[in-house]
Amino acid sequence: MENLQEYLPFLIPLAVIQLGLMLSSLIHVLRHKTYRVGNRVLWVVLCLVVSVIGPVLYFAIGKGDE
């Protein structure tokens with residue numbers, strides 16, 4: 001238990017950043033209909049299941065031109 005408390009100052013900001021990234025990518029996926037690669041279902045699943053990498057991939061390669 002003491003080991004976990006030792007890492008909390010590092011883990012809490014990472015969890016907040018991950019949650020914010022996931023929410024922002026999900027909101028963007030649900031509001032827009034065009035994607036460079038894939039479809040809406042693919043990006044929702046990737047953003048929810050693949051933690052940090054899914055939203056980063058969406059913003060890097062999936063987000064369509066507006």
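L48 sits in helix α2. The model is predicted. Helix α2 is a good place to start, with its two packing partners.

**Helix packing**

Helix α1 covers residues 2-31. Helix α2 spans residues 40-49, and helix α3 spans residues 53-62.

| Helix pair | Angle | Distance between axes |
|---|---|---|
| α1 and α2 | about 170° | 10 Å |
| α2 and α3 | about 140° | 7 Å |

How do α1 and α2 lie to each other, roughly parallel or roughly antiparallel? Angles over 145 degrees count as roughly antiparallel, so α1 and α2 are roughly antiparallel to each other. On the α1 side, the contact uses M22, S25, L26, V29 and L30. Helix α2 brings R40, W43, V44, C47 and L48. Of these contact residues, eight are nonpolar, one is polar and one is charged.

The α2 and α3 pair packs at about 140°. That angle makes α2 oblique to α3. Here α2 offers W43, L46 and C47. They meet G54, P55, L57, Y58, I61 and G62 of α3. This contact has seven nonpolar residues, two polar ones and no charged ones.

W43 and C47 of α2 take part in the contact with α1 and also in the contact with α3.

**A nonpolar surface patch**

Which residues form a nonpolar patch on the surface? They are V37, V41, V45, L48, V49, V50, V52, I53, V56, L57 and I61. Together they have about 920 Å² of accessible area. Helices α2 and α3 are the elements that give two or more residues to the patch. L48 belongs to this patch and to the α2 side of the contact with α1. L57 and I61 are in the patch and also meet α2 from α3.

Note on methods:
Residues are numbered from 1 along each chain as its sequence is written. This is a predicted model: local features need pLDDT of at least 70, side-chain atom pairs count only at pLDDT 80 or more; totals for chains, interfaces and linings use all residues. Side-chain values use heavy atoms; hydrogens and water are left out. Axes are lines fitted to C-alpha atoms, for helices over the stretch in contact, and angles run from 0 to 180 degrees between N-to-C directions. Helices (H or I, at least four residues) and strands (E, at least two) are DSSP runs, numbered from the N terminus. Angles under 35 degrees count as roughly parallel, over 145 as roughly antiparallel, 65 to 115 as roughly perpendicular and the rest as oblique. Contact means heavy atoms within 4.5 Å. Ala, Val, Leu, Ile, Met, Phe, Trp, Tyr, Cys and Pro count as nonpolar, Asp, Glu, Lys and Arg as charged, and the others, Gly among them, as polar. Patches are made of residues with over 30% relative accessible area and no salt bridge: like charges are joined within 9 Å, nonpolar side chains (Val, Leu, Ile, Met, Phe, Trp, Tyr) within 5 Å. Accessible areas come from the Shrake-Rupley method with a 1.4 Å probe; for residues, only the protein chains shown count as cover. A salt bridge is a side-chain nitrogen of Lys or Arg within 4 Å of a carboxyl oxygen of Asp or Glu.
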